[in-house]
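Please report on the main pocket of this model, on one buried side chain, and on the places where the backbone departs from the usual geometry.

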Amino acid sequence: MAKITKNSLKVGDLEWFYGELSPVGGENQQTVILLHGLPSQSLTWTGVMPPLAEQGIRTIAPDWIGFGNSSKPEKRDFAYTPDAFVNAFAQMMDSLSLDRVSLVVQGFLGTVGIQYAIRYPKRVEKLAILNAPLAPGIKLPWQFQQLGLPVAGEMLTQDPLSVERLLEAGSKAVIEDNYLEVYRKPYLKSSAPGRSLLATIRNLQLAQSLAEIGTGLPKLEIPIQILWGTNDPWLDLAPAQACVKTLKRGELVTLPTAAHYPQEHWYAEINRSLIPFLRHQD
């Protein structure tokens with residue numbers, strides 16, 4: 001089986017890191033972009049990507065700007081708002097010459113991927129949403145909010161253990177040490193990842209994003225699959241159930257026992273539903 005390749009792409013002043021896995025043999029028939037949530041990175045999709053490649057699907061999993069191995073600009077150079085993330089992602093898509101793709105998004109910051117789909121509907125073929133806030137009124141959990149507090153937030157975002165605790169608390173499971181080392185590594189090398197995380201938390205503008213999602217998502221004509229870990233400690237199932245009822249071409253798949261980061265431990269369950277969804281031809 002082919003291995004996930006590690007790539008980088010310079011777009012203006014920003015450098016994107018991304019993992020890519022293409023099917024073995026034959027031409028790529030479909031490209032899927034996998035977008036991680038807070039405070040994760042592209043590594044989170046490691047279990048999802050190989051089965052997709054086996055089904056003839058090319059996958060690209062970038063680190064968001066400010067995360068993983070992508071650029072971590074200072075706030076004066078990158079606003080860390082949803083608009084900044086959407087615009088940067090759109091430019092990355094242009095640089096990769098990707099005119100139309102399917103998106104798989106997860107978690108807090110997954111909202112940015114949904115906003116991209118709403119703003120660029122002709123460039124998104126299908127949208128899959130894993131445990132992301134979907135309804136106006138949803139608040140950022142306290143575990144995330146405290147990362148943006150004055151003084152305390154500046155200290156917590158410089159501590160790699162803060163990231164590890166969030167990932168394991170959200171997963172309700174222990175993440176293997178070799179994976180934690182990858183999540184931890186950027187924070188041990190520089191203070192820039194902590195500053196980027198702090199800026200992202202402080203500028204997430206979740207209320208405004210959810211207002212846009214609440215009005216824009218039901219207008220999309222594309223197929224939308226919501227995959228939901230029902231053991232999520234931060235997001236309830238009810239808003240997802242309500243959301244899917246408003247969609248023109250939506251379906252809800254529940255993942256019993258899966259939590260906030262279902263791709264970390266329940267990728268087999270995800271792929272059982274995600275692969276048929278992505279491969280289905282209208």
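The largest pocket of this predicted model has a volume of about 490 Å³. A pocket is here an open set of points on a 1 Å grid over the protein atoms alone, where a 1.4 Å probe fits and where protein lies on both sides within 12 Å along at least five of seven lines, and lining residues have an atom within 4 Å of a point. Grid points are joined across faces, edges and corners, and the volume is the space filled by probe spheres set on the points. Of the 22 residues that line the largest pocket, K6, F17, Q41, N69 and V182 are the closest to its centre. Two or more lining residues come from each of β2 (14-21), α7 (177-189) and α8 (192-202), and α7 gives the most, with six residues. Helices (H or I, at least four residues) and strands (E, at least two) are DSSP runs, numbered from the N terminus. By character, the lining divides into 10 nonpolar, eight polar and four charged residues, where Ala, Val, Leu, Ile, Met, Phe, Trp, Tyr, Cys and Pro count as nonpolar, Asp, Glu, Lys and Arg as charged, and the others, Gly among them, as polar.

Residues are numbered from 1 along each chain as its sequence is written, and side-chain values use heavy atoms, with hydrogens and water left out. Local features need pLDDT of at least 70 and side-chain atom pairs count only at pLDDT 80 or more, whereas totals for chains, interfaces and linings use all residues.

M92 lies in helix α2 (residues 82-95) and counts as buried because its relative accessibility is 0%; buried means under 20% relative accessible area, exposed over 50%, and partly exposed in between, with a 1.4 Å probe and protein chains only. Leaving aside residues up to four places away in sequence, M92 touches L9, V11, W16 and P62, a contact being heavy atoms within 4.5 Å. The C-alpha atoms of M92 and L9 are separated by 8.0 Å, although the two residues are 83 residues apart along the chain.

Most residues other than glycine have a negative phi, and most peptide bonds are trans. The peptide bond from L38 to P39 is cis, with omega near -15°, and P39 lies in the loop between β3 (30-35) and α1 (49-54). Two residues other than glycine with a positive phi are set out below.

| Residue | Phi | Loop | Relative accessibility |
|---|---|---|---|
| Y80 | about 60° | between β4 (57-62) and α2 | 1%, buried |
| K172 | near 55° | between α6 (160-171) and α7 | 47%, partly exposed |
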